[in-house]
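Here's a quick walk through some helix packing and two ligand sites. Have a look at the structure first, then read on.

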Amino acid sequence: MPSHSSTAAALDPRDFLAIDHLLSDEERDIRDVVRSFVRDHVVPNVGEWFEEGRIPRELPRELGKLGVLGMHLDGYGCAGASATAYGLACLELEAGDSGVRSLVSVQGSLAMYAIYRWGSEEQKQEWLPRMAAGEAVGCFGLTEPDSGSDPGSMRTYARRDGDDWILRGQKMWITNGSLADVAVVWASTDEGIRGFVVPKGTKGFTTQDIHSKMSLRASVTSELILDEVRLPSSAMLPGATSLRGPLSCLNEARYGIVWGAAGAARACYEAALDYSTTRVQFGKPIASFQLQQQKLANMALEVNRATLLALHLGRMKDEGRLRPEHVSMGKLGNVNAALDVARTARQVLGANGITLEYPVIRHMNNLESVVTYEGTADVHALVIGGAVTGIQAFR
Ligand code: TGC
Ligand code: FAD
C-alpha cells in the first residue's frame, strides 16, 4: 500500500501538480468562464463541424461576447487582460479544438494586434472595437504559395500610384480568409515590407477556400488573390516598415499556441484516462495493465510539464521579460509534447480512437497543422539553435 501523508491534499489526476494553486482568483475565474463556454458550446458540436469541414458563422460573435477576442489588448473595446489570463483562455479553447483557438489567435493576436501595434489611430478606431465584439472578422496574410518559412521572399508587391497603393499578389493558407471582413496583407514595397488593411469587397480582392484538409477542418483556410487592388494611403499600417512588422505579430500568436497545445494535450490525456478505467479486456479495466499505466503516466507528465512551461512564459510575458526565443522554445516543446500525447492517447482508445466520437484523432490531426503553422518545428529549433550557439543556420 502506498503511504500518504494525512495532511497532504488528495492527488487530482487532472491537475497532478496542483498548478491551479499557482493561479490568482481572477485568472481562475477567467479560465472557468472559457472552460464552461467550451464545454457547453464547442465540445458537443465540434466533431460535427470537423466532419463537415466548417465553422459556424455565429461563432465569432459568441467569442466576442465571451470577451476573448483581443482580450490581452488595452482599450478599443478590448479587455486588457494579462498575458497569463489570455494564455489560460487559449488553453481552454484548444482543449475544445485547435480550429477554435486558431480563430481567436488569428483575430486577436494577428489581425487585431497588427492594427493595434502598427496601425494609425483611425485604423484602430475603425476596426478594433468591432473586431473585439466579433462583429468584424479579420485574417492575416503573410504566407504565399512559394514563401512559407521564408516570408522575406514574398512576391506580393505594393506600388505607389499617386496617393494610392496598388497591390498585386497571392496569399496562401490563410485562416479565416473567406470569413474575414478585413484582411491584414503583407507586401513587399520599394520602402520595405509593409502591411495593408484590405476590407472585404475591395475591387480586385477575392478569396478561394482550400478544401480536402485532413486537419484543422473546423476552421476556414483560404487563398487570397490580390489583382491590382487599389487602396488609399490610409490603408497602409504606418508603423511597420520591415519583416519585423509581421514577425512581431507572430510572437503574440505563437505565445497563445504554447498554451493551446497544453490544452489539446490535456483533452487527449483525459479522454485516455476515462477510457482506460472503463474499457474492460481480459477481465480487467485496461488501466490496470502496466503498459497502459506507463502511457498514462507519460501523458500526465507531458501535460503537466507543458502547462508549467506555458505558465512560466506567461509570467515572463506579464513581467515584460519574454523574448521571441523563449516563445520558440515553448511552441516547439509544447506542440511536440501534445503530438506525442495525442498519438499515445489514440492507441489507448484502440479502434474507438480513430472515430470522431472521441476527441483524440481530431486533436491529433489538428496538431499536424499546429506543428507546421506559426513557424514549423524546424524553424523554432533553428531559432533556439541560433540563440544558444550564436550561429544562424537558416541560410
Ligand atoms: P531576420 O533577418 O531574422 O529578421 C528580419 C527582421 O525581423 C526581426 N525579427 C523579429 N521581430 C519580432 N519578432 C520576431 N520573432 C522576430 N524575428 C526576427 C529582426 O530583428 C529583423 O528586424 P529589422 O528591424 O532589422 O528589420 O529574418 P529572416 O528572413 O532570417 O527570417 C527569420 C525567421 C525564419 C525566424 C522568420 O522569417 C520566421 O519566423 N519564419 C516562419 C514564418 C511563419 O511563422 N509564418 C507564420 C504565418 S501566420 C500563421 O501561420 C498563422 S496560423 C493560424 C494560427 O495562428 O492559429
Ligand atoms: P515550407 O516553408 O516550404 O517548409 C517545408 C519544410 O521545409 C518544413 O518541414 C520546414 O520546416 C522545412 N524548412 C524550411 N526552411 C528550412 C530551413 N531553413 N532549414 C531546415 N528546414 C527548413 N499563414 C499565414 O500567413 N496566415 C494564416 O492565417 C495561416 N494559417 C494557416 C492555417 C493552416 C491550417 C496551415 C496548415 C497553415 C497556415 N499558414 C498561415 C501557413 C503556415 O504559416 C505555413 O504553412 C508555415 O509557415 C510553413 O510554410 P510552408 O507550408 O510553405 O512550408
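What follows covers three helix pairs and then the surroundings of the two ligands.

Keep in mind that this is a predicted model.

**Helix packing**

Let's start with α3, which spans residues 59-66, and α5, which spans residues 98-118. Their axes sit 11 Å apart and the packing angle is about 70°. Angles of 65 to 115 degrees count as roughly perpendicular, so that is the label for α3 relative to α5. The crossing of this pair is right-handed. On the α3 side, the contact uses Leu59, Pro60 and Leu63, while α5 brings in Val100, Leu103 and Val104. By class, that contact has 6 nonpolar residues, with no polar and no charged ones.

Helix α3 also packs against α1, which runs over residues 25-42. Here the angle is about 155°, with the axes 11 Å apart. Over 145 degrees counts as roughly antiparallel, and α1 and α3 are therefore described that way. Their crossing is right-handed. Val33, Val34, Phe37 and His41 of α1 meet Leu59, Glu62, Leu63 and Leu66 of α3. That contact splits into 6 nonpolar, 1 polar and 1 charged residues. If you're tracking individual side chains, Leu59 and Leu63 turn up in the contact with α1 as well as in the one with α5.

Now for α5 and α7, the latter covering residues 244-278. The two axes come within 9 Å and cross at roughly 145°, again with right-handed crossing. From α5, the contact takes in Arg101, Ser109, Leu110, Tyr113, Ala114, Arg117 and Trp118. The α7 side includes Arg244, Ser248, Cys249, Glu252 and Ile257. Sorted by class, the residues of this contact come to 8 nonpolar, 4 polar and 4 charged.

**Around the ligands**

Which residues come nearest to ligand 1? Of the 25 residues around ligand 1, they are Ser102, Asn251, Arg254, Glu374 and Gly375. Ligand 2 is surrounded by 16 residues, and Thr143, Ser149, Trp173, Thr376 and Asp378 are the closest.

The table below lists some polar atom pairs for both ligands.

| Ligand | Ligand atom | Residue | Residue atom | Distance |
|---|---|---|---|---|
| ligand 1 | nitrogen | Ser149 | backbone N or O | 2.9 Å |
| ligand 1 | nitrogen | Asn251 | side-chain N or O | 2.8 Å |
| ligand 1 | oxygen | Glu374 | side-chain N or O | 2.8 Å |
| ligand 2 | nitrogen | Phe140 | polar backbone atom | 2.9 Å |
| ligand 2 | oxygen | Thr376 | polar side-chain atom | 2.7 Å |
| ligand 2 | oxygen | Asp378 | polar side-chain atom | 2.6 Å |

A couple of residues are worth picking out from this. Ser149 is listed among the closest residues to ligand 2, and a backbone N or O atom of Ser149 also lies 2.9 Å from a nitrogen atom of ligand 1. Asn251 and Glu374, both on the list of nearest residues for ligand 1, each bring a side-chain atom to the table: Asn251 pairs with a ligand nitrogen, and Glu374 with a ligand oxygen. For ligand 2, the side chains of Thr376 and Asp378 pair with oxygen, whereas the backbone of Phe140 pairs with nitrogen.

Notes: Residues are numbered from 1 along each chain as its sequence is written. Chains are lettered from A and ligands numbered from 1 in the order in which they are written. This is a predicted model: local features need pLDDT of at least 70, side-chain atom pairs count only at pLDDT 80 or more; totals for chains, interfaces and linings use all residues. Side-chain values use heavy atoms; hydrogens and water are left out. Axes are lines fitted to C-alpha atoms, for helices over the stretch in contact, and angles run from 0 to 180 degrees between N-to-C directions. Helices (H or I, at least four residues) and strands (E, at least two) are DSSP runs, numbered from the N terminus. Angles under 35 degrees count as roughly parallel, over 145 as roughly antiparallel, 65 to 115 as roughly perpendicular and the rest as oblique. A crossing is left-handed if the near helix is turned anticlockwise from the far one by less than a right angle, and right-handed if clockwise. Contact means heavy atoms within 4.5 Å. Ala, Val, Leu, Ile, Met, Phe, Trp, Tyr, Cys and Pro count as nonpolar, Asp, Glu, Lys and Arg as charged, and the others, Gly among them, as polar. A residue is near a molecule or strand if one of its heavy atoms lies within 4 Å of it. A polar contact is a pair of N or O atoms within 3.5 Å; within protein, one must be able to donate a hydrogen and the other to accept it, and residues adjacent in sequence count only if both atoms are side-chain atoms.
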